[in-house]
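Me: I should like to learn how to read a protein structure feature by feature. May we work through an example together?

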Amino acid sequence: MSPRAALLLLAAAALAAGCEPNLVALTVAPPTAVAELDSTEKDVRLSEGIALAIECTYQGSPCENATASSSDPDIVRVMPGFVDLLAPGDPYQRYPADEPRSVFIFVGGKPGDATVTLTSTDANATIDVKVLSLP
C-alpha cells in the first residue's frame, strides 16, 4: 500500500471513530423547573415530572432507525416523539414531504441518576441523566 493510500485510510478511520450524533433540545422547562441538555458532554438535567424533547441528527439529517432506552425507567422514561409539523415561523419547520425527524422525549421520574442509550444506523450516544427534586 502506498504511503498516500495509508494516510487516507488512517484519516477516514479517525473521522469515523469520532462520529457522534448531534443532540439538540427542542423544549424548555417551565418556571422553577429544570430541563437542560449539554450536547457536548451528552448530559441531561431534568426536574421530576418534567419532559424534555431532544432531536438526534447525524451530518445534518435525522438519525436513521434511532431507538433509545433508559437504564432505569423509574428515574427517566424515554419515548419517541413526533414533531414533524411545527408552527409557521419556527426556524426548524419541516414539511410533510421532508424526512421525519428523530426526536425523543425524556420524562423525569423519581430523583436520581440514570443513563439513556441512543442507538441508530448512523451513530450511537450514551446520555447521562440526572433527575432533580422539584423546589
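Reply: The dialogue below takes up strands, core, backbone angles and a disulfide in turn. Please keep in mind that this is a predicted model.

Me: Let us begin with strand pairing. In which sense do strand 9 and strand 10 pair, and over how many bridges?

Reply: Strand 9 and strand 10 are antiparallel, and seven bridges pair them. A hairpin of five residues leads from strand 9 to strand 10. As one example of the register, Ala-114 lies opposite Val-129 of strand 10.

Me: Which way does strand 3 run relative to strand 10, parallel or antiparallel?

Reply: Strand 3 and strand 10 run parallel and are joined by five bridges. Two positions show how they are matched: Asp-43 has Asp-128 of strand 10 as its bridge partner, and Leu-46 has Val-131. Strand 10 is thus a partner of strand 3 and also of strand 9.

Me: What should I look for in the side chains of a strand?

Reply: In a regular strand, side chains alternate between the two faces of the sheet. Strand 10 shows this pattern: Ala-125, Ile-127, Val-129 and Val-131 point to one face and are buried. Thr-126, Asp-128, Lys-130 and Leu-132 point to the other face and are not buried.

Me: Which residues of the largest nonpolar core touch the most other members?

Reply: That core has 23 residues, and those touching the most other members are Val-44, Leu-46, Val-76, Phe-106, Val-116, Ile-127 and Val-129. Two or more core residues come from each of strand 3 (43-47), strand 4 (51-58), strand 7 (76-81), strand 8 (103-108), strand 9 (112-119) and strand 10 (125-132). Strand 4 supplies the largest share, with four residues.

Me: How may I examine one of these core residues more closely? With which residues is Val-44 in contact, leaving aside its neighbours within four places in sequence?

Reply: Under that condition, Val-44 is in contact with Glu-36, Leu-37, Leu-52, Ile-54, Phe-106, Ile-127, Asp-128, Val-129 and Lys-130. Phe-106, Ile-127 and Val-129 are also among the core residues that touch the most other members.

Me: Not every strand residue is buried, I suppose. How should Thr-115 be described, as buried, partly exposed or exposed?

Reply: Thr-115 is in strand 9. Its relative accessible area is 24%, so Thr-115 is partly exposed. Leaving aside neighbours within four places in sequence, Thr-115 is in contact with Ser-69, Ser-70, Ser-71, Thr-126, Ile-127 and Asp-128. Sequence separation and spatial separation may be read together here: Thr-115 and Ile-75 are 40 residues apart in sequence and 9.4 Å apart in space, C-alpha to C-alpha.

Me: I have been told to check the backbone angles as well. Which residue in the hairpin of strand 2 and strand 3 takes a positive phi?

Reply: It is Lys-42, with a phi of about 60° although it is not a glycine. The hairpin has four residues between its strands. Strand 2 (35-38) and strand 3 flank the loop that holds Lys-42, and these strands run antiparallel, joined by four bridges. Asp-38 stands opposite Asp-43 in strand 3.

Me: Where is Asn-65 found, and is this residue buried or exposed?

Reply: Asn-65 is in the loop between strand 5 (61-62) and strand 6 (67-70). Its phi is positive, near 55°, and Asn-65 is not a glycine. With a relative accessible area of 58%, Asn-65 is exposed, whereas Lys-42 is buried at 10%.

Me: Lastly, how many disulfides does the structure hold?

Reply: There is one disulfide. It joins Cys-56 to Cys-63, with an S to S distance of 2.0 Å. The angle about the S-S bond is -70°, and the link is left-handed. Cys-56 is buried, with a relative accessible area of 1%, and Cys-63 is buried as well, at 6%.

Me: Which residues does Thr-57 touch, not counting residues up to four places away in sequence?

Reply: Thr-57 touches Pro-21, Asn-22, Pro-62 and Cys-63. Thr-57 belongs to strand 4 and is buried, with a relative accessible area of 14%. Among its contacts, Cys-63 is one of the two cysteines in the disulfide.

Terms used. Residues are numbered from 1 along each chain as its sequence is written. This is a predicted model: local features need pLDDT of at least 70, side-chain atom pairs count only at pLDDT 80 or more; totals for chains, interfaces and linings use all residues. Side-chain values use heavy atoms; hydrogens and water are left out. A nonpolar core is a set of buried Ala, Val, Leu, Ile, Met, Phe, Trp, Tyr and Cys residues joined through side-chain atoms within 4.5 Å. Buried means under 20% relative accessible area, exposed over 50%, partly exposed in between (1.4 Å probe, protein chains only). Contact means heavy atoms within 4.5 Å. Two strands pair if DSSP finds at least two bridges between them. A disulfide is a pair of cysteine sulfur atoms within 2.5 Å.
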